[in-house]
Amino acid sequence: MKKNFKNFLYELFFPKFCLNCKREGSFLCEDCAALFEISGFHKVLKTKHLDDLYFALEYKNPLIKKLIQNYKYEPFIKELSKPLSSLLFAHLQLLDIPPPIHESIIIPIPLEKKRLKWRGFNQAEELAVELSSFLSVPIVKNVLIKKHSTVAQTKLSGNKRRENLLGVFTCQNKLKIKNKKILLIDDIYTTGSTLEATAKVLKNSGAKEITGIVIAKAKPKR
Ligand SMILES: [Zn+2]
């Protein structure tokens, strides 16, 4: 857990400053957070196994890219999970049709052990914890498992991404998800292959309905 310690030191000794305007105090100041064009509507997005998808904004926004980069990669600012999930809360509060929360459970996209050790935390799980307390929907862990490491998805095209994920995710403790509505949490939606692959595993294991929730969604490449 070297990484956690490094994180701890980083956050202890480096003053927090806004990643956009450099103002001291937080990693995203209120003024810069207000610059985001949070989506105020929802359109159903259904894929083969995913029933719907909610996202706060488009991933093309340079500031959201920067925040997510600093969250998932060096310097691994774990605390960014708070401003990032606030963007999601803002989106959900603007909606007429919120995601199904009645009798739902939250499941974060898992990381494999090596990746978890490298980053020190699971970025999707941190967001899921925030969302769980915001929506008052319980998180269920130890159900969805990522078995082995894959080539980083960012290096691959759409088809290759789907191949890369075949058989990578499994489900255990299936009783915990039987006939459940699941809010499946990830940081970004790029080609959708991760959410689709995990939704498939969860549906095949007895889940009733799967709704993806991510901070940002990339436009599909043509
Ligand atoms: Zn700022």
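**Why these labels?**

Student: Why is His49 called partly exposed?
Tutor: His49 has 17 other C-beta atoms within 10 Å. A buried residue needs 20 or more, and an exposed one has 12 or fewer. The count of 17 lies in between, so His49 is partly exposed. Keep in mind that this is a predicted model.

Student: Where is His49 found?
Tutor: In the loop between helix H2 (30-33) and strand E1.

Student: What is His49 in contact with, leaving aside its neighbours within four places in sequence?
Tutor: Its partners are Glu196, Ala199, Lys200, Lys203 and Ile210. Take Lys200: 151 residues separate it from His49 in sequence, yet the two C-alpha atoms are 5.3 Å apart in space.

Student: What makes Phe55 buried?
Tutor: Within 10 Å of Phe55 there are 22 other C-beta atoms. The cut-off for buried is 20 or more, so 22 puts Phe55 in the buried class. Phe55 lies in strand E1.

Student: Which residues touch Phe55, if neighbours within four places in sequence are left aside?
Tutor: Tyr189, Val214, Ile215, Ala216 and Lys217 are in contact with Phe55. For Gln153, 98 residues away along the chain, the C-alpha separation from Phe55 is 20 Å.

Student: Which residues have the most contacts inside the largest nonpolar core?
Tutor: They are Phe55, Ile182, Leu184, Ile185 and Ile215, in a core of 45 residues. Elements that give two or more residues to this core include strand E1 (52-58), helix H4 (81-94), helix H6 (123-135) and strand E7 (209-217). As a general point, nonpolar side chains tend to be buried together in soluble globular proteins.

Student: What does Leu184 touch, not counting residues up to four places away in sequence?
Tutor: Leu184 touches Ile107, Ile109, Leu195, Thr198, Ala199, Ile210, Thr211 and Gly212.

Student: How do you know whether Leu88 is buried or exposed?
Tutor: Count its C-beta neighbours inside 10 Å: there are 24. Since 20 or more is the requirement for buried, Leu88 counts as buried. Leu88 is found in helix H4, and beyond four places in sequence its contacts are Ala56, Leu131, Ile213 and Ile215.

Student: How do H4 and H6 pack?
Tutor: Their axes are 9 Å apart and make an angle of about 50 degrees.

Student: Why is H4 called oblique to H6?
Tutor: The angle is about 50 degrees. Angles under 35 degrees would be roughly parallel, and roughly perpendicular runs from 65 to 115. An angle of about 50 degrees falls in neither range, nor is it over 145, so H4 is oblique to H6. The crossing is right-handed.

Student: How do the residues of the contact of H4 with H6 divide?
Tutor: Six are nonpolar, two are polar and three are charged. Among those from H4 are Ser81, Lys82 and Leu88, and among those from H6 are Glu126, Leu131 and Phe134.

Student: What makes Asn142 exposed?
Tutor: Asn142 has 9 other C-beta atoms within 10 Å. Exposed means 12 or fewer, so 9 is enough for that label. Asn142 lies in the loop between H6 and strand E3 (144-146). Its phi is near 60 degrees, a positive value in a residue other than glycine. Most residues other than glycine have a negative phi.

Student: Why is Asn173 called partly exposed?
Tutor: The count for Asn173 is 13 other C-beta atoms within 10 Å. Exposed stops at 12 and buried starts at 20, so 13 makes Asn173 partly exposed. Asn173 lies in the loop between strand E4 (169-171) and E5, and has a positive phi of about 50 degrees.

Student: What makes Lys65 count as partly exposed?
Tutor: Lys65 has 14 C-beta neighbours inside 10 Å. That number is over 12 and under 20, so the label is partly exposed. Lys65 lies in helix H3.

Student: What kind of peptide bond joins Glu74 and Pro75?
Tutor: A cis bond, with omega of about 0 degrees. Pro75 is found in the loop between H3 and H4.

How values were computed. Residues are numbered from 1 along each chain as its sequence is written. This is a predicted model: local features need pLDDT of at least 70, side-chain atom pairs count only at pLDDT 80 or more; totals for chains, interfaces and linings use all residues. A nonpolar core is a set of buried Ala, Val, Leu, Ile, Met, Phe, Trp, Tyr and Cys residues joined through C-beta atoms within 7 Å. Helices (H or I, at least four residues) and strands (E, at least two) are DSSP runs, numbered from the N terminus. Two residues are in contact if their C-beta atoms, placed from the backbone, lie within 7 Å. Axes are lines fitted to C-alpha atoms, for helices over the stretch in contact, and angles run from 0 to 180 degrees between N-to-C directions. A crossing is left-handed if the near helix is turned anticlockwise from the far one by less than a right angle, and right-handed if clockwise. Ala, Val, Leu, Ile, Met, Phe, Trp, Tyr, Cys and Pro count as nonpolar, Asp, Glu, Lys and Arg as charged, and the others, Gly among them, as polar.
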